[in-house]
Amino acid sequence: MKNTVSTFKMQKENKDKITMLTAYDYSTANLIDEAGVNGILVGDSLGMVMLGYEDTLSVTMEDMIHHIKAVTRGAKNALVVGDMPFMSYQTSVYDAVKNAGRLVQEGHCQAVKLEGGESVCPQIKAIVEASIPVMAHIGLTPQSVNAFGGFKVQGKSEEAAKRILQEAKAVEKAGAFAVVLECIPDKLAKIITEEINIPTIGIGAGSDCDGQILVYQDMLGMFGGFKPKFVKRFANVGEEMTKAFKDYIEETKAKTFPAKEHCFKIDDSVIEKLY
Ligand code: KIV
Ligand code: NA
């Protein structure tokens, strides 16, 4: 059955954990969907894991639409959330509604996500009024990496913790259907989860959130570089891939690949005519 924003709401009420993963292409979305996750986020993390940028700031609306299209074709049951890229909603409420609309109309996702608290509440409200469900995202918001001075845990001081709690309440009031809590202390995430009525989706925010999300390359061990503390490697797919690539090279050089069973036959009488 297709997951919707109502499914998410019900799961919070029933204390049934919401599971989400990212995906950026058709075949991975298909595998993740068949495994049975509730939601797939086409994150702007694609800038880093798919396109090789240092951060998410270079990702464009065209990049997002291209990948969202592929994922929505592969996801039958998961709710697909399209991430709004840097500068597609910060500039004005008008831009926010227009660009959220493009993600839905051209990418065919069922909801959008954007980063920020009080400062983007007018955008959240306007997008929701246009009948597009919005997932908020607070704590470590990677599009603000330059303002933060790096990717760091947020909300550790009393002042910062209070501000994040306040932001969670603000995005709920603005109409968000869920909120991502990224890289904040687990005890703060627990309080936020109790204090608001919309589901909290944690990444680096402990097990008391209403749901979890991970970048699939991180959890599969496919992203070589930096491994944040909150990532658990559920498999070492990267190692498996490297091994397969090396086997292919070796077998090709040894001429054990392709073998007879990979070849197409032709009648000898035809071959004779070619000499
Ligand atoms: O872009 C992304 O993948 C995200 C998740 C990590 C929440 O925003
Ligand atoms: Na993102």
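Where does Met87 lie in the chain? In this predicted model, Met87 sits in the loop that runs between strand S3 (79-83) and H5. Its backbone is a bit out of the ordinary: Met87 is not a glycine, yet its phi is positive, at about 75°. Most residues other than glycine have a negative phi, and most peptide bonds are trans. As for its surroundings, Met87 counts as partly exposed because 14 other C-beta atoms lie within 10 Å, where 20 or more would make a residue buried and 12 or fewer would make it exposed.

Stepping back to the whole protein, the secondary structure adds up to twelve helices and eight strands. The C-alpha trace spans about 80 × 40 × 35 Å along its principal axes. Of the 275 residues, 42% are buried. Among contacts with a separation of 6 or more, 59% come from residues 24 or more positions apart. On the confidence side, the mean pLDDT is 97, with 100% of the residues at 70 or more, and the model scores ipTM 0.99 and pTM 0.96.

The domain assignment splits the chain in two, with domain 1 covering 5-236 and domain 2 covering 240-272. Between the C-alpha centres of domain 1 and domain 2 there is a distance of 44 Å. The stretch assigned to domain 2 also holds a cis peptide bond, found between Phe257 and Pro258 with omega at about -10°. Pro258 itself belongs to the loop that links helix H11 (237-253) to helix H12 (268-272).

What about the inside of the protein? The largest nonpolar core has 69 residues, and the members that touch the most others are Ile40, Ala176 and Val179. Helix H8 (residues 158-174) is the top contributor to this core, giving five residues. Val179 shows how such a core residue is surrounded: setting aside neighbours within four places in sequence, its contacts are Met135, Ala136, His137, Ile138, Ala168, Val171, Ile198 and Thr200.

One of those contacts of Val179, His137, turns up again around ligand 1. The full set of residues surrounding ligand 1 is Thr22, Leu41, Gly43, Asp44, Ser45, Asp83, His137, Val180, Glu182, Ile203, Ile213 and Val215. Sorted by class, this shell is a mix of five nonpolar, four polar and three charged residues.

Back near the start of the story, the loop at the other end of H5 is worth a look too. His108 lies there, between H5 and S4, and like Met87 it has a positive phi without being a glycine, in this case about 70°. His108 has 16 other C-beta atoms within 10 Å, so it falls in the partly exposed class.

Gln110 is found in that loop as well, between helix H5 (93-107) and strand S4 (111-113). With 19 other C-beta atoms within 10 Å, Gln110 is partly exposed, because a buried residue needs 20 or more. Which residues does Gln110 contact, leaving aside its neighbours within four places in sequence? They are Leu79, Val80 and Pro133. Val80 is 30 residues away from Gln110 along the chain, but their C-alpha atoms are separated by 5.6 Å.

Conventions: Residues numbered from 1 in each chain as written. Chains lettered and ligands numbered in written order. Predicted model: local features only at pLDDT ≥ 70, side-chain atom pairs only at ≥ 80, totals over all residues. Core = buried A, V, L, I, M, F, W, Y, C linked by C-beta atoms within 7 Å. Helix = DSSP H or I, 4+ residues; strand = E, 2+ residues; numbered from the N terminus. Contact = placed C-beta atoms within 7 Å. Domains from an automatic or database assignment. Near = placed C-beta within 6 Å. Nonpolar A, V, L, I, M, F, W, Y, C, P; charged D, E, K, R; others polar. pLDDT = per-residue confidence, 0-100.
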